[in-house]
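I sat down with this one to see what could be read off the coordinates. Here are my notes, in the order I made them.

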Amino acid sequence: MEIIPAIDLVNGQCVRLSAGDFARQTTYDSDPVAVAQRFADAGMRRLHLVDLDGARAGKPINLGVLESIAKATNLDIDAGGGIQTHASLTQVLNAGAKHVTAGSLAVREQPTVESWLARFGSDTIFIGADFKGEHIMINAWADKSTLTLAGFITDYLAAGASIFICTDVSKDGLLQGPSLEIYKTLVQQFPGAQFVASGGVTTIADVEALAEAGMHGAIIGKALYEGTIKLPDLKPFL
């Protein structure tokens, strides 16, 4: 299972939100490039980079930070937040991201994302399945869509997607453990998909349980910043 540390950006700084609420924001570091370098130095190969300003603005805002991280490290970066058009997708890839996560757009404009999958491939275009209960959440997690998690995954598997970043919005940033039973169900229901768990990963025991459940990857954010998981603890998974 791939270990994927997360950097969420607001005003060019590393922050974490609680359950996606911008009013419950903690700033952890003013230098995201240094944070990314620490992850790389610890042996991490991947980075999940979320432009929260971009998610709210509907266009990438922190491209400079992405570019700086890509130049300073060899991390394999998947980027999300505000990527709504082909132009912004190209901007993000040109700035150094290897992968792009389509979230709200994958709900609102499925033909657009399907065209990206056809052109760039499923290894470049990840699908962000942000969920709360049974439903997919959109618009920086502010709104509930009519799509169910299972229906959304079914549609995108048929469209050629293979990697799904599944974030439980109700768990994200709360350090209360991941939605293990939901992930187990997804792995069993969709054996052709690769699922990345996001939201609530708090302890090494959580990481071990996700690996045992057959998850393709686990995104770890607040646990690394708060120290409930330390970088050396993750060496067995690297």
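What follows is a set of short entries, one per topic, on a predicted model.

**Entry 1: the nonpolar cores**

I began with the cores. The largest nonpolar core has 63 residues, and I7 and I127 have the most contacts inside it. Apart from that core lies another one of 7 residues, including I4, F126, I163 and I165.

I then pulled the contact list for I7. Leaving out residues up to four places away in sequence, I7 touches C14, P32, V35, A36, F39, L47, H48, L49, V50, I69 and Y225. Several of those names come back when I look at helix α1, residues 32–41: P32, V33, A34, V35, A36 and F39 are buried there. Just after α1, G43 takes a positive phi of about 100°.

**Entry 2: R46 and H48 on strand β4**

Next I went to β4, which covers residues 46–51 and holds R46. Is R46 buried or exposed? R46 is buried, because its relative accessible area is 9% and the cut-off for buried is under 20%.

What does the R46 side chain pair with? I found a polar contact with the side chain of E2 at 2.7 Å. The side chains of R46 and D78 are also joined by a polar contact, of 3.4 Å. The wider contact list for R46, without residues up to four places away in sequence, is E2, I3, I4, P5, L75, D76, D78 and F126. Of these, I4 and F126 are among the residues of the 7-residue core.

H48 is found in β4 too. H48 counts as buried, because its relative accessibility is 9%. With neighbours within four places in sequence set aside, H48 is in contact with I4, P5, A6, I7, D78, T101, I165 and I219. I noted that D78 is on this list and also on the one for R46. I also checked a C-alpha distance: H48 and D76 are 28 residues apart in sequence and 8.6 Å apart in space.

**Entry 3: T167**

I looked up T167, whose place is in strand β10, residues 163–168. T167 counts as buried, because its relative accessibility is 4%. Which side chain does the side chain of T167 meet in a polar contact? The partner is S198, at 3.1 Å.

**Entry 4: two loop asparagines**

Then I turned to the loops. N11 is found in the loop between β1 (2–10) and β2 (13–18). Phi of N11 is near 50°, a positive value in a residue other than glycine. I flagged that one because most residues other than glycine have a negative phi. N11 counts as exposed, because its relative accessibility is 65% and the cut-off for exposed is over 50%.

N74 sits in the loop between α3 (63–72) and β5 (76–80). N74 is exposed as well, with a relative accessible area of 80%. I took one C-alpha to C-alpha distance from N74: I136 is 62 residues away in sequence and 33 Å away in space.

**Entry 5: cavities**

On to empty space. How many cavities of 30 Å³ or more does the structure hold? I got 3. The largest cavity has a volume of about 90 Å³. Its lining has 13 residues, and D51, N62, L66, A79 and G80 lie nearest the centre. β4, α3 and β5 are the elements that give two or more residues to this lining, and β4 gives the most, with 3 residues. By class, I have 9 nonpolar, 3 polar and 1 charged for the lining of the largest cavity.

**Entry 6: the second largest pocket**

Last, I looked at the second largest pocket, with a volume of about 160 Å³. The residues that line this pocket are F131, G133, E134, T148, L149, A150, I182, T185, L186 and Q189. Which elements give two or more residues to the lining? They are α7 (149–158) and α8 (180–189). α8 gives the most, with 4 residues. The class split for this pocket is 5 nonpolar, 4 polar and 1 charged.

Terms used: Residues are numbered from 1 along each chain as its sequence is written. This is a predicted model: local features need pLDDT of at least 70, side-chain atom pairs count only at pLDDT 80 or more; totals for chains, interfaces and linings use all residues. Side-chain values use heavy atoms; hydrogens and water are left out. On a 1 Å grid over the protein atoms alone, a cavity is a set of points where a 1.4 Å probe fits but cannot get out, and a pocket is an open set with protein on both sides within 12 Å along at least five of seven lines; lining residues have an atom within 4 Å of a point. Grid points are joined across faces, edges and corners, and a volume is the space filled by probe spheres set on the points. Ala, Val, Leu, Ile, Met, Phe, Trp, Tyr, Cys and Pro count as nonpolar, Asp, Glu, Lys and Arg as charged, and the others, Gly among them, as polar. A nonpolar core is a set of buried Ala, Val, Leu, Ile, Met, Phe, Trp, Tyr and Cys residues joined through side-chain atoms within 4.5 Å. Buried means under 20% relative accessible area, exposed over 50%, partly exposed in between (1.4 Å probe, protein chains only). Contact means heavy atoms within 4.5 Å. A polar contact is a pair of N or O atoms within 3.5 Å; within protein, one must be able to donate a hydrogen and the other to accept it, and residues adjacent in sequence count only if both atoms are side-chain atoms.
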